[in-house]
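Reader: Hi, can you walk me through this one? I'm new to reading structures, so short answers please.

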Amino acid sequence: ELSTKDGGEGAERVLYVTDAGQSQHFDMVFKAGKMAGFVPDHASLEHVPFGLVQGEDGKKFATRSGDTVKLKDLLDEAVRIAGADLESRQENVISDDDDDETKQKIQHVAEIVGIGAVKYADLSMNRESNYRFSYGRMLSLNGNTAPYMLYAYARMCGIVRKALEQEESKPVQWPEPAEIVISHDAERELIRNLVRLPDILSMVEADLYPHRLCEYLFDTSQKFNQFYENCAVKNAETEELKASRLSLCTATAGTIRLLMKLLGIKLVERM
């Protein structure tokens, strides 16, 4: 490590992210660096290895001609598939008057869903494991996928919008925090899960396994589903209970928003 005055970064932790096949190389480089005095005792050099992406047949991921698959082509295809799925869901409600506007909205959402699905599929796997690339799995609305999380977030926005009678066409206005009143076990389980967030972030910072964020996101969305199935929000028994449950919706949505941002995935309030 060079000091800042000699042109170095003065870093205390340096991460080298490459495929797992280079592990021995970096182990030797790190040891040589310490022996040569380039790395001070307080500095940490870490290799962050990742596995290989395979085709659905378990073989090297490549085109039919054997060429390397370009990331741009992968993303374009994911966006195309997501767009086709969204259009099929909208075809019964699109009129000639709003056809162009609706298609623009579908394309916007398709780009977020398609690109987010590829990112999430990669980050949701243990980074050291090989995994099989599958559009079907990564674009599924079921399981630990980006589309599932995007729909979960949009659903939370819709719940708050309806409970507070906000306009559907405008961005959701999140309510101010209220005192939490626990009246059902589902509320307690959701709260217990939400307060785990600092520990999850500290764990990922330490061991650099982003799939833990995805597992926590999926668990959070499932806990929220159980909460919503058992606890009415708009038609809560009292105003105090309604305000409390709106606060839980807001906290859960904020948690999803934060973690999806850390994963580099955009969100939408309506799908």
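**A walk through the chain**

Author: Let's start with one residue: Glu165 is exposed, with a relative accessible area of 67%. Keep in mind that this is a predicted model.

Reader: Where is Glu165 in the chain?

Author: Glu165 sits in the loop between H5 and H6.

Reader: What is odd about the phi of Glu165?

Author: Glu165 has a positive phi, about 55°, although it is not a glycine. Leu208 also has a positive phi without being a glycine, at about 60°.

Reader: OK, Leu208 then. Which loop is that in?

Author: Leu208 lies in the loop between H7 and H8.

Reader: Is Leu208 buried or exposed?

Author: Leu208 is buried, because its relative accessible area is 19% and the cut-off for buried is under 20%.

Reader: Let's zoom out. How many helices and strands are there in the chain?

Author: The chain has nine helices and four strands. Starting at the N terminus, the order is β-α-β-β-α-α-β-α-α-α-α-α-α.

Reader: What box do the C-alpha atoms fill?

Author: Roughly 70 × 50 × 35 Å, taken along the principal axes.

Reader: And how many of the residues count as buried, as a percentage?

Author: The chain has 271 residues, and 37% of them count as buried.

Reader: What about contacts between residues at least 6 apart in sequence? What share joins residues at least 24 apart?

Author: Among those contacts, 72% join residues at least 24 apart.

Reader: Now the inside. Which residues of the largest nonpolar core touch the most other members?

Author: Tyr120, Leu217, Phe227, Met260 and Leu263 do, out of 53 residues in that core.

Reader: Which elements give two or more residues to this core?

Author: Helices H2 (71–90), H3 (99–123), H5 (146–163), H6 (185–194) and H7 (197–207) do, along with H8 and H9. H5 gives the largest share, ten residues.

Reader: Pick one of those core residues. What does Phe227 touch?

Author: Not counting residues up to four places away in sequence, Phe227 touches Ala186, Glu187, Leu190, Val233, Arg245, Leu248 and Cys249.

Reader: H8 and H9 came up together. How do their axes cross?

Author: H8 covers residues 211–230 and H9 covers residues 239–262. Their axes come within 10 Å and cross at roughly 160°. That makes H8 roughly antiparallel to H9, because angles over 145 degrees count that way.

Reader: Is the crossing of H8 and H9 left-handed or right-handed?

Author: The crossing of H8 and H9 is left-handed.

Reader: Which residues make the contact?

Author: From H8, the contact uses Leu213, Tyr216, Leu217, Thr220, Phe224 and Phe227. From H9, it uses Arg245, Leu248, Cys249, Thr252, Thr255, Ile256, Leu259 and Met260. By class, this contact of H8 with H9 has ten nonpolar, three polar and one charged residues.

Reader: Two threonines of H9 are in there. Is Thr252 buried or exposed?

Author: Thr252 is buried, with a relative accessible area of 0%.

Reader: What does Thr252 touch?

Author: Leaving out residues up to four places away in sequence, Thr252 touches Met156, Leu190, Leu194, Thr220 and Phe224. Its C-alpha is 16 Å from that of Ala163, and the two are 89 residues apart in sequence.

Reader: And Thr255, is that buried or exposed?

Author: Thr255 is buried too, with a relative accessible area of 8%. Setting aside neighbours within four places in sequence, Thr255 is in contact with Leu194, Leu197 and Tyr216.

Reader: Back to H8. How do the axes of H5 and H8 cross?

Author: The axes of H5 and H8 come within 11 Å and cross at roughly 40°. That crossing is left-handed.

Reader: Which residues of H5 and H8 make that contact?

Author: H5 brings Tyr148, Met149, Ala152, Arg155, Met156 and Ile159. H8 brings Leu217, Phe218, Ser221, Gln222, Phe224, Asn225 and Tyr228. By class, the contact of H5 with H8 has nine nonpolar, three polar and one charged residues.

Reader: Last one, from a different helix. Where is Met35 found?

Author: Met35 is found in helix H1, residues 23–35. Met35 is exposed, with a relative accessible area of 75%. The C-alpha atoms of Met35 and Ala20 are separated by 24 Å, and these residues are 15 apart along the chain.

How values were computed
Residues numbered from 1 in each chain as written. Predicted model: local features only at pLDDT ≥ 70, side-chain atom pairs only at ≥ 80, totals over all residues. Heavy atoms only, no water. Axes fitted to C-alpha atoms, helices over the stretch in contact; angles between N-to-C directions. Parallel < 35°, antiparallel > 145°, perpendicular 65-115°, else oblique. Left-handed = near helix turned anticlockwise from the far one by under 90°. Contact = heavy atoms within 4.5 Å. Nonpolar A, V, L, I, M, F, W, Y, C, P; charged D, E, K, R; others polar. Core = buried A, V, L, I, M, F, W, Y, C linked by side-chain atoms within 4.5 Å. Buried < 20%, exposed > 50% of the residue type's maximum accessible area, 1.4 Å probe, protein only.
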